[in-house]
Amino acid sequence: QVQLVESGGGLAQVGGSLRLSCAASGRTSSPYAMAWFRQAPGGEREFVGTISGSGTSPNYAGSVKGRFTISKDNAKNTMYLHMNSLKPADTAVYFCAAKTGYNSYIGGPGMWDYWGQGTQVTVSS
């Protein structure tokens, strides 16, 4: 079992920055892939980015590439989403997810094993 808890959401201005955290806990015998998704009110859950269990070679959706950065601190078992140059379209609930049995993984929302509760990000001028 893996438990995921997001934090760091809040209100930001257009062009501003936020850093989200996803703390993982529970017992696992091997590294696992992690990802960020987001869901706007009335919208579908969409892919933001993913990072390998080893913390290398992240992948990003085209809508955030160049603005968002995913990193990991394996000593703290925590994944981060550094968000820069925020736009109103970035307003959403942000979720972290984990896929056990894979060091790296890319898949839709239905393919991930574990989810956090989400943290709200609101961007306005």
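This note goes through a predicted model of one protein, from its overall make-up to single residues.

1. Overall make-up. The protein has eleven strands and zero helices. Read along the sequence, the pattern is therefore β-β-β-β-β-β-β-β-β-β-β, with strands counted as DSSP runs of at least two residues. A box of roughly 45 × 30 × 25 Å, taken along the principal axes, holds the C-alpha atoms.

2. Compactness. The radius of gyration of the protein is 14 Å, which agrees with the value near 14 Å that a compact globule of 125 residues would have. Of the contacts with a separation of 6 or more, 57% are between residues 24 or more positions apart.

3. Burial and surface. Buried residues account for 41% of the 125 residues. The protein exposes about 6,200 Å², and 50% of that area is supplied by carbon and sulfur atoms.

4. Strand β1. This strand covers residues 2–7, and its side chains alternate between two faces. V2, L4 and E6 point to one face and are buried, while Q3, V5 and S7 point to the other face and are not buried. Strand β3 (residues 18–26) pairs with β1 in the antiparallel sense, over six bridges. Within β3, A24 is the residue opposite L4.

5. Strand β4 and its partners. Six of the seven residues of β4 are buried, so the strand is mostly covered, where buried means under 20% relative accessible area. β4 runs antiparallel to β9, with seven bridges joining them. β4 also runs antiparallel to β5, here with five bridges. On the β9 side, F37 has F95 as its bridge partner; on the β5 side, A35 stands opposite T50.

6. The β4–β5 hairpin. Six residues lie between the two strands of this hairpin. Among the residues of the hairpin, G42 takes a positive phi near 75 degrees.

7. Q39. What contacts does Q39 make away from its neighbours in sequence? Leaving out residues up to four places away, Q39 touches E44, R45, A92, V93 and F95. The side chain of Q39 makes a polar contact of 3.3 Å with the side chain of R45, and it reaches the backbone oxygen of G43 at 3.0 Å. Q39 belongs to strand β4, residues 33–39. Its relative accessibility is 24%, so Q39 counts as partly exposed. The C-alpha atoms of Q39 and G118 are 9.3 Å apart, although the two residues are separated by 79 residues along the chain.

8. Aromatic pairs. The count of aromatic pairs comes to six. In one of them, the ring centres of F37 and F47 are 5.7 Å apart and the planes lie at 75 degrees, so the pair is edge-to-face. This pair links distant parts of the chain, since F37 is in strand β4 and F47 is in strand β5 (residues 46–51), ten residues apart. How covered are the two rings' residues? F37 has 0% relative accessibility and therefore counts as buried, whereas F47, with a relative accessible area of 24%, is partly exposed.

9. F37 and W112. F37 also forms an aromatic pair with W112, again edge-to-face, at 6.1 Å centre to centre and with 75 degrees between the planes. W112 lies in the loop between β9 (92–99) and β10 (114–115) while F37 lies in strand β4, so the pair ties together parts that are 75 residues apart in sequence. F37 and W112 are both buried.

10. The aromatic cluster. Which residues form one aromatic cluster? The members are F37, F47, F95, Y102, Y105, W112 and W115. F95, as noted under β4, is the bridge partner of F37 in β9, and F95 is also one of the residues that Q39 touches.

11. Two serines with positive phi. S57 is not a glycine, yet its phi is positive, near 50 degrees. S57 sits in the loop between β5 and β6 (59–60). With 61% relative accessibility, S57 counts as exposed, because exposed means over 50%. S85 likewise has a positive phi of about 50 degrees without being a glycine. The loop between β8 (78–83) and β9 contains S85. Its relative accessible area is 41%, so S85 is partly exposed.

Methods:
Residues are numbered from 1 along each chain as its sequence is written. This is a predicted model: local features need pLDDT of at least 70, side-chain atom pairs count only at pLDDT 80 or more; totals for chains, interfaces and linings use all residues. Side-chain values use heavy atoms; hydrogens and water are left out. Helices (H or I, at least four residues) and strands (E, at least two) are DSSP runs, numbered from the N terminus. Buried means under 20% relative accessible area, exposed over 50%, partly exposed in between (1.4 Å probe, protein chains only). Contact means heavy atoms within 4.5 Å. A polar contact is a pair of N or O atoms within 3.5 Å; within protein, one must be able to donate a hydrogen and the other to accept it, and residues adjacent in sequence count only if both atoms are side-chain atoms. Two strands pair if DSSP finds at least two bridges between them. The radius of gyration is taken over C-alpha atoms; the globule rule is 2.2 Å times the number of residues to the power 0.38. Accessible areas come from the Shrake-Rupley method with a 1.4 Å probe; for residues, only the protein chains shown count as cover. Rings of Phe, Tyr and Trp (its six-membered ring) pair if their centres lie within 6.5 Å; planes under 30 degrees apart count as stacked, over 60 as edge-to-face and the rest as tilted.
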